[in-house]
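Here are my notes for you on this one, written as numbered points. Keep the structure open next to them and look up each residue as you go.

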Amino acid sequence: MGKVGFGLAVGWAVATCALAAVLVGRRAKSRRKWRRVVGVLKELEESCTTSLGRLRQVVDAMAVEMHAGLASEGGSKLKMLLTFVDKLPNGSEKGNYYALDLGGTNFRVLRVKLGGKRSTVIDHDVETQPIPQPLMTGTGEDLFNFIASSLKQFVDREKNDSEPSSSRRRELGFTFSFPVRQTSVSSGILIKWTKGFVIQGMAGRDVSDCLQQAMVKKGLDMRVAVLVNDSVGTLALGHYYDPDTVAAVIIGTGTNACYLERTDAIIKSQGLLTTSGGMVVNMEWGNFWSSHLPRTSYDIDLDAESPNPNDQVFEKMISGMYLGDIIRRVILRMTQETDIFGPVSSRLSMPFILRTPMIAAMHEDESPDLREVERILREVLEIEDIPLKVRKLIVRVCDVVTRRAARLAAAGIVGILKKIGRDGSSGVSSGRNKFGFDDRIRRTVVAVEGGLYTNYAMFREYLNEAVAEILGDDVAPHVVLTITEDGSGVGAALLAASHSSSSSSPAVDKIRL
């Protein structure tokens, strides 16, 4: 080989080595980037751990807080509000009953026809109307006059054969999803408006009385029989179909729970008497807090930046309103750690841009190349050209956050069962005890409503799995979670029926409490 050839060979070898070094360096850099992203995921997994031991600690904490909330006002993060509902529908109700559901920028009016046999809702009509924006910032009188007018028009459109007899006044269940201090089963004082309503002069007034006066003014002969929130309506609807229903949980955009409690356990209202010996208690469980909750830095930041910091901590960890934003924060952290996602998208800094239905779609994407994950990242977050392994990483983030939420919600449910002695913690017997009383564990039903549970299959699966895991093999078969729909509408009408002035329905079965 000549000097020229030798020089070319050496030059080629040097160039090849240099190129190899560059490629090796790039691979090493890429591996370091990937390790950083995986490290963020591992940190999230560790922070979100919900071992059986931890879940049982949350169960115990929930039961303790329930006791404290029943003992005194302000004694717990759980408000444990009295609803004065001591009669639940039992299937004997018959006739036409009405419901008004006011909880946001729309309201609904319903008429439910009951046949007097359990599990028979013969017919029901529903009408939804938007509330004009000026009425949301006007006067209380204008708002309730508008609602009463719409209610009267709804009633006037009924056929004659669906009218109640002229000798009986129409009965209405009023679902009012704003903060109130309940004063009786049919009345409550407004604490404050939320959800965009700014109506002066209404705080401190009885909302049922405002509606009643408006109905009288419009010539509508109708009585507000009950004032409830959506969780109480869900409990009523569940109990109508299944008398073993003792609690209800809403798991949707927001979350709440209520249950049947013995009157003598409500210490803060000593002397309270009910014909049944029991009452439905509205827990307002979204405000539950315990040091055993596995909070992450993402939860803490979300809470600090919210309009209500240090409030509704449980809700911010388990409800549909917040899951998407927790995951957005995790993805943002990953993009800040490395450029594996490409340039940081400005969309990732927009709170609540990633909604929970999108999380469900990505989490449950079964296509080989995760096309739905790719589409949502591209269309919603404007992140392009995401490799398959990164898409799989995003699915794993969705899984970790959703699983934690579902398992914590499950622990909350078992906490309620523990408080009322339905979790088997006092032991499971196969027959009668030495005193002759039947202490076998009873069938227990919890009514569940809300899109997060009903529409998100993985969330529902994780929650059901965790309830069974916490309760154990002996007790779990006796506890049933059943899906209900429209507790705020049909459930409120059923409560109007059970609390009707002409109702002869027996109260909540004392033995079942």
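1. Let's begin with the inventory: the protein chain has 15 helices and 13 strands. Do bear in mind that this is a predicted model. Of the chain's 513 residues, 52% count as buried. The accessible surface comes to about 23,000 Å², and carbon and sulfur atoms own 52% of that surface. As for how the chain folds back on itself, take the contacts with a separation of 6 or more: 71% of them are between residues 24 or more positions apart.

2. Have a look at helix H4, residues 140-156. Its 17 residues should span 24 Å at 1.5 Å a residue, and the end C-alpha atoms are indeed 24 Å apart. The buried residues in H4 include Leu143, Phe144, Ile147, Leu151, Phe154 and Val155. Here is a bit of background that helps: an α-helix has 3.6 residues a turn, so residues three or four places apart point the same way.

3. Stay with H4 for a salt bridge. Aspartate 156 pairs with lysine 152, with 3.0 Å between the closest N and O atoms. Why are these two separated by about one helical turn? Because they are four residues apart in H4. Aspartate 156 is exposed, at a relative accessible area of 51%, while lysine 152 is partly exposed at 25%.

4. Salt bridges deserve a point of their own, since the structure holds 31 of them. The general idea is simple: side chains of opposite charge can pair when their charged atoms come close. One of them joins arginine 443 to aspartate 242, with the closest N and O atoms 2.8 Å apart. Arginine 443 sits in the loop between helix H12 and strand E12, and aspartate 242 in the loop between helix H6 and strand E9, so this pair ties together parts that are 201 residues apart in sequence. Arginine 443 is partly exposed, with a relative accessible area of 38%, whereas aspartate 242 is buried at 17%.

5. Now for a buried pair. Glutamate 261 and lysine 419 form a salt bridge of 2.7 Å, N to O. Glutamate 261 belongs to strand E10 and lysine 419 to helix H12, and the two are 158 residues apart, so to speak a link between distant parts of the chain. Are these partners buried or exposed? Glutamate 261 is buried, with a relative accessible area of 2%, and lysine 419 is buried too, at 10%. Elsewhere, Glu372, Glu374, Arg375, Arg378 and Glu379 are joined into one network by salt bridges that share partners.

6. Helix H6 is worth a visit. H6 has 12 residues and runs 17 Å from its first C-alpha to its last, close to the 16 Å expected at 1.5 Å a residue. Because 10 of its 12 residues are buried, H6 is largely enclosed by the rest of the structure. Among the buried ones are Val232, Leu235, Leu237, His239 and Tyr240.

7. Next, a pair of helices. Two packed helices are described by the angle between their axes and the distance between the axes. For H10 (residues 356-363) and H11 (residues 371-379), the angle is about 145° and the axes are 8 Å apart. H10 brings Met358, Ala361 and Met362 to the contact, and H11 brings Glu372, Val373 and Ile376. Sorted by type, the residues of this contact are five nonpolar, no polar and one charged.

8. Last, two single residues to click on. Threonine 402 lies in helix H12 and is buried, with a relative accessible area of 0%. What does threonine 402 touch, not counting residues up to four places away in sequence? Its partners are Ile359, His363, Tyr456 and Phe459. The other residue, methionine 136, is in helix H3 (residues 133-136) and is buried at 3% relative accessibility. Leaving aside neighbours within four places in sequence, methionine 136 is in contact with Thr105, Ile131, Lys195, Gly196, Phe197, Val198 and Ile199. The C-alpha atoms of methionine 136 and glycine 104 are 9.7 Å apart, and these residues are 32 apart along the chain.

Technical notes. Residues are numbered from 1 along each chain as its sequence is written. This is a predicted model: local features need pLDDT of at least 70, side-chain atom pairs count only at pLDDT 80 or more; totals for chains, interfaces and linings use all residues. Side-chain values use heavy atoms; hydrogens and water are left out. Axes are lines fitted to C-alpha atoms, for helices over the stretch in contact, and angles run from 0 to 180 degrees between N-to-C directions. Contact means heavy atoms within 4.5 Å. Ala, Val, Leu, Ile, Met, Phe, Trp, Tyr, Cys and Pro count as nonpolar, Asp, Glu, Lys and Arg as charged, and the others, Gly among them, as polar. Buried means under 20% relative accessible area, exposed over 50%, partly exposed in between (1.4 Å probe, protein chains only). Accessible areas come from the Shrake-Rupley method with a 1.4 Å probe; for residues, only the protein chains shown count as cover. A salt bridge is a side-chain nitrogen of Lys or Arg within 4 Å of a carboxyl oxygen of Asp or Glu. The expected span of a helix is 1.5 Å times one less than its number of residues.
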